[in-house]
Amino acid sequence: MRGPYDVAIVGFGPVGAVAACLLGQAGLKTVVIDKSETIYDKPRAVALDHEIGRVLQSLGLAEAIAPFVEPFTDSKYYGVGGRLIKHLTMLPEPHPQAWTPSMVFLQPAVELLLRDRAASLPSVDIRLGQTVTGFRQDPDQVMLEVATPAGDDTLAARYVIGCDGASSTTRRLARLELDDLGFDQPWLVVDIEANPQGLLKLPTTSVQHCEPERPMTFVICTGRHRRWEIRLEADEDPQRMAEPEEVWRLLRRWITPADGTLWRSAGYRFHALVARDWRKGRVFIAGDAAHQQPPFLGQGLCQGIRDVANLSWKLAAVLRGKAGEALLDTYGQERGGHVRKLTGIIKGIGGLIGERDPQKAIERDQRLIAEAGGTIRPMPRQDLMPGLDAGLLSALAAPGTGTLFPQPWLRTAAGRQRMDSCVGSGLRIVTSSSCNDVRLAAMAKALGATWVAIGGGNSGGHPDVTLHECDGLVNAWFARHEAIAALVRPDNYVFGTAHDMGGVRVLLEEWQDKLGVAANAQG
C-alpha cells in the first residue's frame, strides 16, 4: 500500500492539474492519477475569464501563459435577415481583476505549463498511465485500487477529488447522480487553422448566427485558430457530419479548403447537467465530473477551475486543523448553487441562439431590439455572472457579500504589480484605511488573515501591508458598497463587508465561529 496521501486527484486534465498545483503549493501530500500518459494535443476548451486568470496568477504562471492567451473579441448576435439583436463585450478598464475580463487561450500549451508546475512541487506525486478501478472509504481515509502497467496497487488518501471528466469513474464509484436541467442538442465543433487569405474572409468579431435554419457560432481563438459550433439536425449522423467533405460543405459560406487547414472536427451533445450532491463522505467531484453545460458563454473549463479553487483551500484548512470538517459541506452548497444559476443563464442564451421556428425567431428579434430601445448596445459578459448566495458567507448579508473582490494594480518600488502578487492569496482583510486597534490586529493575525490597507497610509496603525492602487478600483468598490473593509476568502470571494472597524471585529468573530475552531489554532 502506498501513502497515506492527504489528497488523491483522479484525472490530470487542466482541472486536476490546477487542483494539484493549489494543494501542492499548500504543502499537502498529493497524488494525481491519470490513465493517459500525455495531454490531448488539440484544443477543446478555448475560453478563460479574469477570475481564472487570477487563479493561474496564484500558481506563479502569469508570465508563462501570456504567449498563449489573447483577449476575447466582442460577440455579435445576428437574427433573421442578418439583423443585429445582441452584442456582448467585456468590462472596460480598469479591469476589476487586473486581468482581461474575457480571454481565449491555447489549451495544450497552458495545460503543459500546469503539469510542469505540479511536477515541480515536492509534495505532488504524479502517476500517469494508471487507472483507478475502485475504492472503499474508512472513517479516516479512502483506499484506492489502481491498475498500473506493473500490476494492481493500492493507495491511501485522506480525501479524493474526481476530476476525471464527463464519464467520471469517480462519480460512478461514489454513486453520485447528475440532475438533468433540460438541455440536450447535437452540435458539431470544428477547429480551423486559417491562412492569411482565409483570415481576410472571416468576421473580425466572434458571431452568433441565430438563424432558425442552421444556428451557428463563430469564435475567434488564439493566433489563426478559428472555431465553428454548428447545430445538427436530429437525423444527421454526427460522425458523418464530422467528415472533412461535410465540414467544408457547412463552412463554404465563409471559407474553402484553400483558406485553411481542418484541425479538428467532432460531434457533441450539448447538455445541462449538475451534480445533485458534490461529495460522498471523503470523495468529491469537480469539473465535468460534476457538471456539464452548453458552451455559449465559454464557461465550461472556468467552472471546473472555480470548483477546485473553492475546494482546495478548504481541504487545506481542514487537514491542518484550522477548520472543522463541516467546512467541506460548503463546497457543494456554493458550487452547486453557482453552477445551477450560471447554467440557467447559459441555457437562456442557447435558447435565444437555437430558436428553430421562423416566426418565433422574428418575434425574438423584435423583442430584443424593442427591449434595447431600438439600438443594440454592447453589454459586458461579466454582468451575466452570478455571485455566491449560500455557504461560507457572513449572515449579515452586507453589500458585496458573495461577490469577487477586485484586484487592483498597485504602485510599488518595482513598478506596477497586481495586488495578489504583493500580498498573496490567503485570507485577507482589505481596508481603505489603517487599523489603530492593536487587539483587533492581533485577532486578525491569530486567524491567519493578512491585513491590507489600500491607500490609507500607515498613520501609526497596524496593517501588514500598506499599498497604493493605480486606478482607485478598490476605493470605488468600497464607496459603491458603502463599506470601509472586506474580509476576503482565499478564493477571492467576499465573506462579508463592514462600514466601520467594529464591523470588522464582528466579521472576524463570525469567520472564527463558522470555521468551528479556536482562534489560537489558526496562527
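Which residue's side chain does Arg-249 meet in a salt bridge? The partner is Glu-246, with N and O 2.8 Å apart. The model behind this and everything below is a predicted one. Both residues sit in helix H8 (residues 244-251), and being 3 residues apart they are separated by about one helical turn. An α-helix has 3.6 residues a turn, so residues three or four places apart point the same way. The two ends of this pair differ in how much of them shows: Arg-249 is partly exposed, at 33% relative accessible area, while Glu-246 comes in at 14% and is buried.

The salt bridges number 27 by the rule used here. Another one of them pairs Arg-276 with Asp-179, whose side chains meet at 2.7 Å, N to O. Unlike the bridge within H8, this one reaches a long way along the chain: Arg-276 lies in the loop between strand S16 (260-275) and strand S17 (279-280), and Asp-179 is in strand S12 (residues 178-194), so the pair ties together parts 97 residues apart in sequence. Arg-276 is partly exposed, at 49% relative accessibility. With the cut-off for buried set at under 20%, Asp-179 falls on the buried side because its relative accessibility is 17%.

Then there is Glu-334, which forms a salt bridge with Arg-489, the closest N and O atoms being 2.7 Å apart. Glu-334 belongs to helix H10 (residues 329-353), whereas Arg-489 is in the loop between strand S26 (485-488) and strand S27 (494-498), so this contact links parts that are 155 residues apart in sequence. Both of these residues are buried. The pair doesn't stand alone, either: salt bridges with shared partners join Lys-314, Glu-334, Arg-489 and Asp-491 into one network.

Turning to the sheets, one open sheet has 3 strands in the order S3-S7-S4, with antiparallel pairing. Its edge strands are S3 (47-49) and S4 (69-71), each of which pairs on one side only. Neighbouring strands in this sheet are turned by 35 degrees against each other on average, ignoring direction. S3 and strand S7 (residues 102-105) run antiparallel and are joined by 3 bridges. In that pairing, Ala-47 of S3 has Val-104 in S7 as its bridge partner.

Helix H9 (residues 300-319) lies across S3 and S7, at about 50 degrees to S3. What span should the 20 residues of H9 have, at 1.5 Å a residue? The expected figure is 28 Å, and the end C-alpha atoms of H9 are 29 Å apart, which agrees. H9 is mostly covered, with 19 of its 20 residues buried. Just after the helix, Gly-321 takes a positive phi of about 75 degrees.

His-50 is found in helix H2 (residues 50-58). Is His-50 buried or exposed? At 7% relative accessibility, His-50 counts as buried. Setting aside neighbours within four places in sequence, the contacts of His-50 are Leu-91, Pro-96, Gln-97, Trp-99, Thr-100, Pro-101, Met-103 and Gln-382. One of these, Met-103, falls within the range of S7 (residues 102-105).

A second open sheet has 9 strands with mixed pairing, in the order S19-S16-S12-S15-S14-S13-S5-S6-S20. Strand S19 (291-292) and strand S20 (379-380) stand at the edges with a single partner strand each, so one side of each has no neighbour in the sheet. Strand S12, home of Asp-179, is part of this sheet. Strand S13 (residues 206-209) and strand S14 (residues 216-220) run antiparallel, with 3 bridges between them. Here His-209 stands opposite Met-216 in S14.

As for confidence, the mean pLDDT of the chain is 94, and 96% of its residues reach 70 or more. Residues 456-461 have a pLDDT below 50, and this stretch has 14 contacts in the model beyond near neighbours in sequence. Over residues 519-523 the pLDDT is also below 50, with 14 contacts for that stretch beyond near neighbours in sequence. Where pLDDT is low, the predicted coordinates should not be read in detail.

Notes: Residues numbered from 1 in each chain as written. Predicted model: local features only at pLDDT ≥ 70, side-chain atom pairs only at ≥ 80, totals over all residues. Heavy atoms only, no water. Salt bridge = Lys/Arg side-chain N within 4 Å of Asp/Glu carboxyl O. Helix = DSSP H or I, 4+ residues; strand = E, 2+ residues; numbered from the N terminus. Buried < 20%, exposed > 50% of the residue type's maximum accessible area, 1.4 Å probe, protein only. pLDDT = per-residue confidence, 0-100. Contact = heavy atoms within 4.5 Å. Pairing = 2+ DSSP bridges. Axes fitted to C-alpha atoms, helices over the stretch in contact; angles between N-to-C directions. Expected span 1.5 Å × (residues − 1).
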